[in-house]
Amino acid sequence: MHGQADRRSEVTRGASDGARRRLYTGLWVGALLAILAFLVIYPVIMLLLGALTDTNPVVDGLARSLSHLSVANFLTVLANPNVGEALLNTLIACGGGTAIAVAIGLFFSWIVVRTNTPFKGFIAAASILPLFAPPLVAGVAWAILGSPKTGLINTMFKWMGSDFRVDLYSMWGLVFVFGIYYAPYVYMFTSSALRNMDPSLEEAAEISGASAFSTLFTVTFPLIMPAIVSGMLLSFIVMLGIYGIPAVLGAPTNLNVLTTYIFKLTNWSPPLYNTAAAVAIILMVVTGLLVYLQQRVLSGRSYTTVAGKAFRPRSLDLGPWRWLTFAIGILYLLVVVVLPSLALIVAAFRKFMFIRDVASLFDMRQYSLTHFESIFDNPLTMRSIYNAVEVGVITAVVGGALAFAIGYTIHRTRVAGRGAIDLISTLPVAIPGLVVGVAYLWAWIGIPGGLYGTIWILALAFIARFMPDTVKALSTSFLQIHRELEEAAWVCGKGMLGTIRTIVLPLASPGVLAAMTLLFVLAIRELGSSLFLYTSNTMVMSVLLLDYYEGGNIGKTAAFSLVQTVLLGVLIGGANWLSRGAAQGNVARTG
Amino acid sequence: MMATLEVTELRKQFAIGRPAIDGVSFSVPAGEIVVLLGPSGCGKTTTLRCVAGLEHPTGGEISISGKVVSSPERGVLVPPRSRDLGMVFQSYAVWPHMTVRQNVVYPLKHRNISRADAGRKVEEALALVGLSEYGDRPVVALSGGQMQRVALARSMVYRPQLLLLDEPLSNLDAKLRLRLRDDLRVILKQTGMTALYVTHDQAEAVVLGDRIGVMRDGKLLQMDSPDAIYNRPADLFVANFTGATNELAGTLVACNGRYGVVDFGDGRRGEVALFHALAPDEKVRVALRPENIAIGRPDGANTFSAKVLDRRYQGTQTAYGIELFGKRLEAIELGTAARHQVGVEAPVSLPRECLWAYRDRGPVSHE
């Protein structure tokens with residue numbers, strides 16, 4: 001009798017245990033969804049509402065703004081010829097840039113994977129360097145090199161007695177700089193596709209009588225077409241969201257793309273926040289369509305050509321031509337890394353940027369530390385660095401922890417609602433940084449005493465913006481931990497949280513640390529979303545750089561660019577060291 | 001049209017290590033199928049790839065129908081596309097972005113052949129490999145065996161002088177492999193192709209080859225008809241590789257032409273076959289096939305007493321481990337009945353023409 005009662009009480013306890021567990025998981029999923037809604041859904045909805053009203057949330061108050069909703073506002077914006085022009089410019093610049101990026105990326109992946117070009121390992125490592133340069137810094141460097149009147153390149157041409165002049169303050173300049181800086185995106189996709197391709201597919205073509213050239217175009221390229229297309233789309237998507245390069249190169253001739261136009265709208269007085277929201281939505285829709293297309297290409301026609309045995313990658317003997325390919329590699333490096341770095345160094349250390357002739361360029365009396373002294377005399381400089389680091393740390397810690405929770409919930413549990421968590425947390429992939437900025441602006445500017453004007457609004461925007469990449473990076477780090485290792489801990493009597501603390505976290509810690517460092521780096525170099533969210537108290541490095549540039553002092557701009565680049569270089573080096581190379585691809589993904 | 005392949009003193013030295021091919025010479029007469037057989041890493045695939053022109057030899061000469069296509073000494077190196085070859089790869093190498101017909105017509109597009117002619121040739125080739133109805137399918141929708149048939153059709157559609165096949169069946173599952181192996185021989189013989197075929201599977205080599213060349217460590221050990229390879233292997237390695245896995249050590253005490261007498265120790269002597277001239281008192285190793293050991297049937301002069309150590313029933317045959325001259329040997333007896341008990345002493349007879357004596361060159365590894 002006694003035993004039966006015991007068993008019955010055990011059964012009831014079991015049932016209440018189950019109910020309690022259901023309650024806990026329900027609370028957990030609810031909490032995650034609430035956080036995600038707060039971070040992603042609410043700002044996007046506010047952005048949509050902003051696009052549909054015609055009032056200013058600061059002047060008129062949020063409540064009044066929301067009572068003026070009408071599709072007509074959005075249609076007015078669409079009909080605005082300036083918007084149409086910005087959209088057209090964007091498509092031309094990104095389209096042209098993508099074409100150049102594909103040509104360069106494809107050529108380099110072929111050189112590195114398929115030929116016996118000397119030092120190709122070095123070329124491969126160097127050709128992804130542009131990924132690490134913040135777009136604004138790249139833009140500044142190319143402005144110093146390629147401005148039509150005072151540009152270093154034109155000074156050189158003048159010295160050589162040539163009448164040839166370059167003008168990068170133009171659509172051509174924009175296309176050119178976009179193309180050379182975003183070629184690595186194409187390279188990363190196509191080189192791995194080439195490397196994973198069974199070489200006998202090409203050998204079969206050669207045996208069949210095709211020349212090396214016709215093999216390339218009838219077999220090799222068609223086979224890696226999915227990789228080419230998705231690399232192409234990705235570079236297009238990244239270019240769409242870039243602010244720094246068009247801001248520098250387009251401004252002098254009033255050449256607007258969507259990103260620069262959005263920022264201009266919010267800088268008008270009074271600021272046209274609703275027009276900005278509407279244009280941001282256009283940008284978001286275009287990006288979203290392209291992201292969708294890219295996902296389709298990646299998941300669709302993929303030719304698995306792996307034969308199951310390890311193969312030596314084919315290496316085409318170029319004979320003496322290999323020195324030509326080597327020279328092209330070095331030329332690219334020169335154009336993309338060496339020249340811009342030299343330009344920044346010259347501008348940063350030179351007292352006056354006016355360079356009469358080449359002799360004056362090498363005149364050491366013209367150089368000094370003036371600009372560095374003057375930027376560090378400005379109290380804003382140290383404050384912006386301090387702010388950037390503070391935002392970076394908050395973003396890395398909070399964002400890292402949140403991404404871990406999300407990643408674990410999506411990949412390692414079977415709780416209901418994880419599909420929704422997955423979907424919402426990947427949504428920001430399709431939202432350019434600048435649009436995130438505008439959305440957060442709309443979400444918080446009308447709420448007095450709220451987040452607007454604090455460091456936290458920047459951090460939260462960054463967390464939302466980089467969520468998909470952080471979740472992906474973290475997930476790979478613990479997906480490598482075999483499930484059975486966790487199951488073994490459960491069998492030993494550890495609970496879910498105990499298992500995560502004693503098994504998953506220690507094993508995944510290198511990956512988690514790397515992902516957090518990466519997040520830190522991404523946060524301190526982010527410009528697009530900061531633009532709309534900073535106030536004089538929360539000025540961050542990337543925004544201050546833009547400030548210096550718009551202030552017109554090229555020397556200070558270059559000096560601060562160098563400070564930033566060195567800081568970032570150290571940080572990225574550290575991140576790479578922590579993750580042993582895994583972080584690289586992720587800096588790339590977010591531009 | 002059909003031509004001979006002539007390979008003379010072929011050498012291939014990669015950047016590091018011993019040469020992958022170390023002085024290989026052989027020829028393939030028109031219309032014959034020659035199989036290169038050997039364990040992985042023996043240089044057979046490298047030899048084939050040198051003939052194809054995909055690998056560049058470092059020495060020796062290759063000529064196809066009298067025309068030298070590769071001779072590093074004379075600076076001759078004809079690119080693969082000008083050698084008029086067909087090749088079938090281990091991984092099929094059919095192009096996944098094309099249909100079956102597009103795959104097969106591809107080589108014809110790089111030759112001066114009219115569209116109508118090309119269409120007819122493609123249909124012929126597809127009919128030959130039994131894929132007439134599959135022309136418009138994308139190749140990715142085919143099974144492994146069908147893909148390999150596409151690869152075969154593609155390599156034969158332009159009737160090349162010489163067909164090269166690089167382990168074409170090794171990625172297929174066992175049952176399909178047997179069927180395609182038999183089909184392949186029929187197709188090759190039907191078209192009168194000259195072919196060089198590389199494999200590590202002796203059964204495949206025996207069925208397909210008019211002649212088999214056994215390779216090891218970059219050297220061609222023996223090139224002969226399948227029958228000769230199986231019944232008169234040139235050395236201990238060939239004997240072992242083709243299935244004579246038992247080995248006995250002894251000393252030759254007398255020889256008389258094709259046969260000799262070997263002392264296996266303790267005065268136990270037996271008659272053996274000699275393929276090479278050996279002198280009395282030489283140390284020898286004697287190779288013996290498991291299926292040539294007859295247990296329980298005292299027959300002829302070479303009858304000894306052995307002990308049955310273990311028995312493994314395998315359905316249509318039974319494998320025994322027996323102890324003979326203090327050494328463990330494998331024996332196989334065909335039939336569905338397992339006749340001998342473990343632990344019994346039984347007479348075993350070893351026919352002298354199945355005991356092949358080779359000079360003892362010290363321990364040899366067979367793997």
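How are helices H4(A) and H15(A) oriented with respect to each other? In this predicted model, helix H4 of chain A, which covers residues 71–79, packs against helix H15 of chain A, covering residues 273–299, at an angle of about 75°, and their axes lie 10 Å apart. Since angles from 65 to 115 degrees count as roughly perpendicular, H4(A) and H15(A) are therefore roughly perpendicular to each other. On the side of H4(A), the contact is formed by A:Asn73, A:Phe74 and A:Val77, while H15(A) contributes A:Asn274, A:Thr275, A:Ala278 and A:Val279. Sorted by character, the residues of this contact between H4(A) and H15(A) comprise four nonpolar and three polar residues, with no charged ones.

These two helices belong to a chain whose secondary structure consists of 27 helices and zero strands. Chain A has 591 residues, of which 47% count as buried. When contacts in chain A between residues at least 6 apart in sequence are considered, 78% of them join residues that are at least 24 apart.

Chain A also touches chain B, in a contact that takes 18 residues from chain A and 18 residues from chain B. On the side of chain A, helix H10 (200–207) and helix H11 (212–223) each supply at least two residues, and H10(A) gives the most, with six residues. The residues on this side of chain A that touches chain B divide into nine nonpolar, six polar and three charged.

For chain B, the domain assignment gives domain 1, spanning 5–236, and domain 2, spanning 246–359. The centres of domain 1 and domain 2 of chain B, taken over C-alpha atoms, are separated by 39 Å. The contact between these domains draws four residues from domain 1 of chain B and five residues from domain 2 of chain B. On the side of domain 1 that touches domain 2 in chain B, two residues are nonpolar and two are charged, whereas no polar residue is present.

Chain B further contains an open sheet of five strands, arranged in the order S16-S20-S17-S18-S19, in which the pairing is antiparallel. Strand S16 (294–295) and strand S19 (327–334) of chain B are the edge strands, each of them pairing on one side only. The pairing of S16(B) with strand S20 of chain B, which holds residues 345–349, is antiparallel and extends over two bridges. Within S20(B), B:Val348 is the bridge partner of B:Ile295.

Notes:
Residues are numbered from 1 along each chain as its sequence is written. Chains are lettered from A and ligands numbered from 1 in the order in which they are written. This is a predicted model: local features need pLDDT of at least 70, side-chain atom pairs count only at pLDDT 80 or more; totals for chains, interfaces and linings use all residues. Axes are lines fitted to C-alpha atoms, for helices over the stretch in contact, and angles run from 0 to 180 degrees between N-to-C directions. Helices (H or I, at least four residues) and strands (E, at least two) are DSSP runs, numbered from the N terminus. Angles under 35 degrees count as roughly parallel, over 145 as roughly antiparallel, 65 to 115 as roughly perpendicular and the rest as oblique. Two residues are in contact if their C-beta atoms, placed from the backbone, lie within 7 Å. Ala, Val, Leu, Ile, Met, Phe, Trp, Tyr, Cys and Pro count as nonpolar, Asp, Glu, Lys and Arg as charged, and the others, Gly among them, as polar. Domain bounds come from an automatic or database domain assignment. A residue is buried if 20 or more other C-beta atoms lie within 10 Å of its own, exposed if 12 or fewer, and partly exposed in between; C-beta atoms are placed from the backbone. Two strands pair if DSSP finds at least two bridges between them.
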